[in-house]
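Please find below a colleague's note, set out as numbered points for a reader who is new to structures. It is best read with the sequence and the 3D view side by side.

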Amino acid sequence: MSQLRMPALFLGHGNPMNALEENRYTAAWRQAGDTLPRPRAIIAVSAHWYTRGTAVTAMAQPKTIHDFGGFPQALFDTRYPAPGSPELAQQLVAQLAPVAVTLDHDWGLDHGSWGVLIKMYPDADIPVVQLSIDGTRPAAWHFEMGRKLAALRDQGVMIVASGNVVHNLRQAHWNGSSEVYPWASGFEQFVRDNLAVQSDAASHPLVNFMDHPDAALANPTPEHYLPLLYVLGTRQPDDAITIPVDGIEMGAISMLSVQVG
């Protein structure tokens, strides 16, 4: 029997408190876990493992990383004890060649990964490896990394990337205002309008996102946007592309989620 192709997901993860709270974003993540084909393993790509060079977690039991501050103790007490997969980590070394991939035994799962997976798969019973984002590489390189990962979707592996396509904490409304900045809504709409484009990295509008006039405000730094490119890079010609949930929080944080396949 042929292996069912797994979807690839980009989830706008937003506030770390989403790991504890229930809202329409977490409901969409939970629904994905309940309704999508169950993967044999997950490759997580998080905005919060932004490195020089490329690494993959290679331990059998990755730790839960609480890479944030100023939140309730209950969030720091939360654990996501999903097993790792040294075998899948080793497979990624071969799959991503000639990119040099370091087998990492120190990192674990940061909140960009476990914060969404704890809603999708609360039993933490699916092996997870986390792939770092090489911050020294251009956007097109990350899209091409997605292309290299695409074959794993046909081997029962789900790609779950998380970040935010608009992420500007300096401009965010910390006073509770729900007013959305025009540059935030404009850039998010640009992303929505171009999700279905199928082209090479050189000509894809979402790879060349910094050409958009609102990009510098929408993404003062690129690490929360780049995970989207891994997911778009995995897309095959017959894959549908859908938006499970969206919204803009604090005027400057897009919660747009994208499903490929």
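**Notes on rings, a buried arginine and a strand**

1. Phe71 is partly exposed, because its relative accessible area is 26%, and the limit for counting as buried is under 20%. Please keep in mind throughout that this is a predicted model. Phe68 falls on the other side of that limit, since its relative accessibility is 15% and it therefore counts as buried.

2. The program's count for this model comes to 7 aromatic pairs. Phe68 and Phe71 form one of them, an edge-to-face pair whose ring centres are 5.5 Å apart and whose planes stand at 80° to each other.

3. How are the rings of Phe209 and Tyr225 arranged, stacked or edge-to-face? Their centres lie 4.0 Å apart with 25° between the planes, so this pair is stacked, given that planes under 30 degrees apart count as stacked. Phe209 sits in the loop between helix H6 (182-194) and helix H7 (215-218), while Tyr225 sits in the loop between H7 and helix H8 (226-233), so the pair ties together parts that are 16 residues apart in sequence.

4. Both rings of that stacked pair belong to buried residues: Phe209 has a relative accessible area of 3%, and Tyr225 has one of 0%. The ring pairs also extend to further residues, as Phe187, Phe190, Phe209 and Tyr225 are linked by them into a cluster.

5. A separate point concerns Arg235, which is placed in the loop between H8 and strand S7 (241-242). What does this residue lack, although it is buried? Arg235 has no salt bridge, and the nearest side chain of opposite charge, that of Asp239, is 5.8 Å away, whereas a salt bridge would need the charged atoms to be within 4 Å.

6. The side chain of Arg235 does, however, have polar partners in the backbone. One of its polar atoms lies 3.0 Å from the backbone oxygen of Ala196, and the backbone oxygen of Asp239 lies 3.2 Å from a polar atom of this side chain. Leaving aside residues up to four places away in sequence, Arg235 touches Arg153, Leu195, Ala196, Val197, Gln198, Ile241 and Val260.

7. The last point is about strand S5 (residues 128-134), which is mostly covered, with 7 of its 7 residues buried. Strand S2 (residues 41-51) runs parallel to S5 and is joined to it by 6 bridges; on this pairing, Thr51 stands opposite Asp134 in S5. As a general aid when viewing strands, the side chains of a regular strand alternate between the two faces of the sheet.

How values were computed: Residues are numbered from 1 along each chain as its sequence is written. This is a predicted model: local features need pLDDT of at least 70, side-chain atom pairs count only at pLDDT 80 or more; totals for chains, interfaces and linings use all residues. Side-chain values use heavy atoms; hydrogens and water are left out. Rings of Phe, Tyr and Trp (its six-membered ring) pair if their centres lie within 6.5 Å; planes under 30 degrees apart count as stacked, over 60 as edge-to-face and the rest as tilted. Buried means under 20% relative accessible area, exposed over 50%, partly exposed in between (1.4 Å probe, protein chains only). Helices (H or I, at least four residues) and strands (E, at least two) are DSSP runs, numbered from the N terminus. Lys and Arg count as positive and Asp and Glu as negative; His and the chain ends are not counted. A polar contact is a pair of N or O atoms within 3.5 Å; within protein, one must be able to donate a hydrogen and the other to accept it, and residues adjacent in sequence count only if both atoms are side-chain atoms. Contact means heavy atoms within 4.5 Å. Two strands pair if DSSP finds at least two bridges between them.
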